[in-house]
Amino acid sequence: MIGAGINSLDDMNASVTAGVGAKRENSVPSSEGTRISIIVPVWNEASLIRPFLQHVRERAPVTEIIVVDGGSSDGTAELAEKFADRIVRTRRNRAVQMNAGARVASGDVLWFLHVDVELPAQCLDEIGRTLKDPNVAGGYFRIRLPQSPFVYRLTDSFAHYAGILLRMRCGDHGIFCRRQLFEDLGGFPETPIMEDGEFFRMLQQRGRVAYIDKRIVVSPRRYERVGVLRLTLAYGLIAALYAAGAPLRVLIWLYARTCGYVKNADATGNFIVPIRNK
C-alpha cells in the first residue's frame, strides 16, 4: 500500500520495540513441504480482525499467522489472540510492523497481507508452485475489487498493467518471498511511504517476481472514503512520480493532499501524515 502510516519523518529513526506473545507452535508444512508465515500489520482494526483471521484459517489452515499491532486503542490485538499464532506489538509504521513480524516468523516463506482482503482458494498451492522455480525471487497475486461498477473493473486492470509498466506493486497484492532472501535484502525499507514499492524493486534485482492470476479480493473502503476516480488518479500519479525518482517528501505531501489531509507540519516542513494502515 502507498502510505506506511507514520507520525512524521522524524519517526523514521525511532527504535523498534516489539512485545511478542507466542500462541502456539506451528510445525505443519503449509504447502508441499514449505512452511509459510503470514504477517499482518494492523492498527485499530477491531471490526475486521477476527473475521479476517477466521477466513485465513479456512483458506490456509496450517500456516503460521503473525499479527503485528501498531499500538491499537480499540482492542485489535486482544481480539486477534484466539486466531493468531503470535501477536507482536511495535510502533505504528507498516514497514516497521512487517519487519518486526518477519523477525519472529518461523516459516521458510513470508507472505505479507492486509487485513481487509479475501484470499483465493488454493492460495498456498499457488505460492508453492510459484516458488518451485529457483529463478523466481518472489511473487504476488492480482487484485479485484468486489463491487460490480465498471469503474472498479477499470481500477483492477489499471493496477495490474500500470504495475507491470512501472515495475512496482503495492501491499494489497499480497507480496511473498523466501525468508532467506527477505533477510538478505534487509527487509522493508522503513520509509513513511512506498515501503512496498521499494521492497518490490529490491526483489526484482534478485530474480523474477511472478504474479499469480488468481485474485485477492480487496475491500473498496478506501475508494468509498476518498472517491473512486480521485483515489485511482492519485495512486497513478504517485506511482508514476515514484518511478520517475521523485523525492519521498513530494510523494508524502501529494498523498496527504489527495488521499487524506495534512494534520500539521513542523517548522522544517516535516508533514504529519494521516495515520492509517489502508
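**Exercise 1. A residue in a loop**

Decide whether Met-194, at 1% relative accessibility, counts as buried or exposed, and state where in the chain Met-194 lies.

*Solution.* The model is a predicted one.
Step 1. The cut-off for a buried residue is under 20% relative accessible area. Met-194 has 1%, so it counts as buried.
Step 2. Met-194 belongs to the loop between α6 (179–185) and α7.
Step 3. The backbone of Met-194 deserves a remark: its phi is positive, about 65 degrees, although Met-194 is not a glycine.

**Exercise 2. Two neighbours in another loop**

For Asn-44 and Glu-45, determine the class of each residue: buried, partly exposed or exposed.

*Solution.*
Step 1. Asn-44 lies in the loop between β2 and α1, and Glu-45 has its place in the loop between β2 and α1 as well.
Step 2. The relative accessible area of Asn-44 is 26%, so this residue is partly exposed. Glu-45 has a relative accessible area of 6% and is therefore buried.
Step 3. Asn-44 also shows a positive phi, of about 50 degrees, although it is not a glycine.
Step 4. Glu-45 can be located relative to Ala-80: the two residues are 35 apart along the chain, and their C-alpha atoms are separated by 9.9 Å.

**Exercise 3. The strands around β9**

In which sense, parallel or antiparallel, does β9 pair with β6, and in which sense with β7?

*Solution.*
Step 1. Strand β6 covers residues 117–118 and strand β9 residues 208–218; these strands run antiparallel and are joined by two bridges. Across this pairing, Glu-118 stands opposite Val-217 of β9.
Step 2. Strand β7, residues 136–144, pairs with β9 in the parallel sense, over eight bridges. Here Gly-138 has Val-209 in β9 as its bridge partner.
Step 3. For the wider setting, the chain has ten helices and eleven strands.

**Exercise 4. A covered helix**

How many of the eight residues of helix α4 are buried, and against which elements do they pack?

*Solution.*
Step 1. Helix α4 spans residues 123–130 and is mostly covered, with six of its eight residues buried.
Step 2. The buried residues are Cys-123, Leu-124, Glu-126, Ile-127, Gly-128 and Thr-130.
Step 3. A general rule helps in reading such a list: an α-helix has 3.6 residues a turn, so residues three or four places apart point the same way.
Step 4. The packing partners of the buried residues are the strands β2 (36–42), β5 (109–112), β7, β8 (176–178) and β9, together with helix α1 (46–59).

**Exercise 5. Cysteines and disulfides**

How many disulfides does the structure hold? Are Cys-123 and Cys-177 buried or exposed?

*Solution.*
Step 1. A disulfide is a covalent bond between the sulfur atoms of two cysteines. The structure holds zero disulfides.
Step 2. With a relative accessible area of 1%, Cys-123 is buried. Cys-177, at 0%, is likewise counted as buried.

**Exercise 6. Aromatic rings**

Classify the ring pair of Trp-111 and Phe-141 and that of Tyr-140 and Phe-200 as stacked, tilted or edge-to-face.

*Solution.*
Step 1. A pair of aromatic rings is described by the distance of the centres and the angle of the planes. The count comes to nine aromatic pairs.
Step 2. The ring centres of Trp-111 and Phe-141 are 5.5 Å apart and the planes make 25 degrees; the pair is therefore stacked. It links distant parts of the chain, since Trp-111 is in strand β5 and Phe-141 in strand β7, 30 residues apart.
Step 3. Trp-111 is buried at 0% relative accessibility, and Phe-141 is buried with a relative accessible area of 0%.
Step 4. Between Tyr-140 and Phe-200 the centres are 5.6 Å apart and the planes stand at 70 degrees, so the pair is edge-to-face. Tyr-140 lies in strand β7 and Phe-200 in helix α7 (residues 195–204), 60 residues apart. Both Tyr-140 and Phe-200 are buried.
Step 5. Two further items complete the picture. One aromatic cluster is formed by Phe-112, Phe-182, Phe-188 and Phe-199. Arg-201 lies over the face of Tyr-242, at 4.2 Å from the ring centre.

**Exercise 7. The chain as a whole**

What percentage of the 278 residues is buried, and what percentage of the exposed area do carbon and sulfur atoms supply?

*Solution.*
Step 1. Buried residues make up 56% of the chain.
Step 2. The chain exposes about 11700 Å², of which carbon and sulfur atoms supply 53%.
Step 3. Of the contacts between residues at least 6 apart in sequence, 76% join residues at least 24 apart.

Technical notes. Residues numbered from 1 in each chain as written. Predicted model: local features only at pLDDT ≥ 70, side-chain atom pairs only at ≥ 80, totals over all residues. Heavy atoms only, no water. Pairing = 2+ DSSP bridges. Helix = DSSP H or I, 4+ residues; strand = E, 2+ residues; numbered from the N terminus. Buried < 20%, exposed > 50% of the residue type's maximum accessible area, 1.4 Å probe, protein only. Contact = heavy atoms within 4.5 Å. Areas by Shrake-Rupley, 256 points an atom, 1.4 Å probe, with all protein chains shown as cover. Disulfide = S-S within 2.5 Å. Phe/Tyr/Trp six-rings, centres within 6.5 Å; stacked < 30°, edge-to-face > 60°. Lys NZ or Arg CZ within 6 Å of the ring centre and 35° of its normal.
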